[in-house]
Each structure stands twice: as C-alpha cells, then as structure tokens.
Amino acid sequence: MKKTIQFQECSATDESRLMALQTVLEKTKKPFKSGDSIGIKLHWGEIGNKNYLSPVYAREIVKWLQAGGTKPFIVDTTVLYSGGRRDGRESLNTAAKHGFTEEYLGCEVIIGDGLDGKNIIDLPAGFKHFPTVQTGKVVQDADGFVIFSHFKGHMEAAFGGSIKNMSMGFASRAQKQRMHADAKPKLIQAKCIKCGECADVCPTGAATITENNFPVYDLLKCIGCAQCIALCPETALKIRWDTDIKVFQEKLVETAAAVWRVIQDKTVVINAVIEIVAECDCLPGKHQKIAEDKGFISAYHPVLADAEAIKLIGGAPFDQAHQHIPWQRQFEYAKEIGFCM
Ligand code: SF4
Ligand code: SF4
C-alpha cells in the first residue's frame, strides 16, 4: 500500500474538479480505524487571497472519512504574518469568511497549535539545521491525518505541495521563523515606483518609506517572510539570501521529515493539482496562473505525492515563475536525509 498512488484528471470546471476528487477518494484505502479522530490538514487561505482551495473539497473529504466511521476535524496553525491568521481567533474568523465553518463542513475546525499559538511540542529531528523541530501538539494528539494540499508555486521554495503543508503548515510560529530567517529583501531602486506596498504588507515594521519615498529595510527587524518580495508590483525586490539559496528548502524538508516520523503510519496525502498559480495561498491577491489544471493525487508519502505532481506539470512553469530557485532541492535533500520511499 505504501507506494500506491491514485490519480484522476480533471478540467478547470467546478464539476469536473469535484468528480476527480470523489474518484480518487473512492480508490484510496484508509489507514484508519472506526472511531479514530482524523485531522484534515489544509490551508484555508490568507485574507484577500483568491486562489485557495474551496471548502467544497474539504467537505468531500469529511464525508469520506465519516463514511468510514472516523471523526474528522479541519486543522491549520497560526502564522507569522500580520494578515488574518496571526492568532487563533483571527485565523478561525478568516476560515469562516472563506466558508470553512463547522455548519458547512460537518465537523470541527481547530487551530493545531492552540488559539494562543502555545499548544506546541518539540519533536526530535537530528538533522544539520534542526536538532529538534517545534510543531502544533495536534501532530501527536490526532489518531491520523489527511494532508490535503494545494499544489502551486512558492516565492522561496519555487513550489509548495504536501512537503510544505506538513512542514510550514504544522510548524509553531517559532519554527516558522527559524525556517524563514534566511530570505530578506534587496531593493533594485531603478525598478521601484515608490508605491509603498512593501511597507504596508511588512508584518514587523522592518520595511519603511524614507523621506525620498523609497523604501528601506531594517534587516535586524526583518523575519525573512518574503511577503514584500512576493507582492511588489514591479518585481523591484530580490531575495538577499543570508545563506545558501537552498537552505530554506532544506529546512522545510527537515521539518516535514520530523513530523512524518510521528504520523507516517496513520496518514493519507492528497494533492489538489488545480488552480496552479505562481504564489502561495499565504499571500493576498489573485495570482498568475502558470499551468493548466491536472487533477487530484492521493498517496501515502508526501515526497511521492509531490514528485507525482511535478511529473504531471513539468518543472518548466516553476523555473519560469521562480528563476534561480532550484526546486529540485526538496527532492534531493529528502533523499539525502532518508525522507523518501
Ligand atoms: S512595493 Fe516595490 S515598487 Fe512599491 S515601494 Fe516597495 S519596492 Fe518599490
Ligand atoms: S521579508 Fe519583507 S515583509 Fe517580511 S519582514 Fe522582511 S522586510 Fe518585512
């Protein structure tokens, strides 16, 4: 069962997408027992984001789990950003605005690291960047998981799928900061139109506008979240990598690998390879589409599910959308640390 992959293609209509997910679920065996409490780990979208996965898919997974006698719940964690998910209450409000309500979904919606972000645990890791990783305690508490991920581009990792959802998605806020700490902005002044957008989105006040209306960045205050870089309308900001460009991906993979050790025997991984845009659902706005819809994948390993998605899409859209970010590093490093099938 471990190497089994299910795939169903779809076109870019709501009906075709839902039917593809239903078909994949019908073919996917559940590694759960009746009565188990199963977390559906997903991303309900930052406030203002227009590309997040509709709750209609989460509801379908809820029905699939309930039909097997398990007790599903929807889960995400608090984030570093100043948008609509920084603490648990804000994040639940955002979830509700995007349609992820208990009434609609038919199950509880919770914050995996607690409403105050403090319900966390340290997991042993033993890797070169992280001896331990810190995540929401839900990783340990749930009887099982469905890791349900939107496969699309990402400003620091080139693509984001199951690996990223399990890693950044379960990480405590401190662990998120440890992963993000290496990518900070560098201004190309000739391209800057002095719009001030970077200062508006900066969650720490590191980006400010000077008297001549050009922005400056206080690198001591900067947490490396890359929101300014991704949202600059003129691509006037480049990543000033404090360390090797590959380190962010390695940190992402280490965190996912540590989580996987805890949940590997009780988890199904589903990638929605639809609405494939250049940027992450963490960013507000409607992002540029970089590939046509492919369909839904289910698997029992996140690296396998992400590799299958890349096989379907090809690497070129990610190379073009995020030039100079070697997305292959997620797979290479997963292999190097034994986080693969
Ligand atoms: S968002 Fe970009 S163009 Fe606007 S002020 Fe910042 S760097 Fe300049
Ligand atoms: S990366 Fe940009 S938005 Fe994020 S903290 Fe640093 S200056 Fe602010």
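This report walks through the domains, a ligand site and some salt bridges of a predicted model.

## Two domains and their interface

Let's start with the overall layout. The domain assignment splits the protein into domain 1, made of 6–177 + 246–336, and domain 2, spanning 183–241. Their C-alpha centres are 28 Å apart.

Where the two domains meet, 12 residues of domain 1 are in contact with 13 residues of domain 2. About 1000 Å² is buried between domain 1 and domain 2, with carbon and sulfur atoms giving 67% of that area. On the side of domain 1 that touches domain 2, seven residues are nonpolar, three polar and two charged. Zero salt bridges are found across this interface, and the count of residue pairs in polar contact, both at pLDDT 80 or more, is zero as well.

## Around ligand 2

Next, have a look at ligand 2. Its surroundings include the cysteines C202, C222, C225 and C228. P185, P203, T204, A206, Y217, I223, G224 and A226 also belong to the residues that surround ligand 2. By class, this shell divides into 10 nonpolar residues, two polar ones and no charged ones.

## Salt bridges

A search of the whole structure turns up 15 salt bridges. One of the salt bridges joins the side chains of E250 and R329, at 2.8 Å from N to O.

Another pairs the side chains of K33 and D36, with 3.6 Å from N to O. The two partners are worth viewing side by side: K33 counts as exposed because its relative accessibility is 58%, while D36 is buried, with a relative accessible area of 8%.

Methods
Residues are numbered from 1 along each chain as its sequence is written. Chains are lettered from A and ligands numbered from 1 in the order in which they are written. This is a predicted model: local features need pLDDT of at least 70, side-chain atom pairs count only at pLDDT 80 or more; totals for chains, interfaces and linings use all residues. Side-chain values use heavy atoms; hydrogens and water are left out. Domain bounds come from an automatic or database domain assignment. Contact means heavy atoms within 4.5 Å. Buried area is the accessible area (1.4 Å probe) that two parts lose on being put together, summed over both. A salt bridge is a side-chain nitrogen of Lys or Arg within 4 Å of a carboxyl oxygen of Asp or Glu. A polar contact is a pair of N or O atoms within 3.5 Å; within protein, one must be able to donate a hydrogen and the other to accept it, and residues adjacent in sequence count only if both atoms are side-chain atoms. Ala, Val, Leu, Ile, Met, Phe, Trp, Tyr, Cys and Pro count as nonpolar, Asp, Glu, Lys and Arg as charged, and the others, Gly among them, as polar. A residue is near a molecule or strand if one of its heavy atoms lies within 4 Å of it. Buried means under 20% relative accessible area, exposed over 50%, partly exposed in between (1.4 Å probe, protein chains only).
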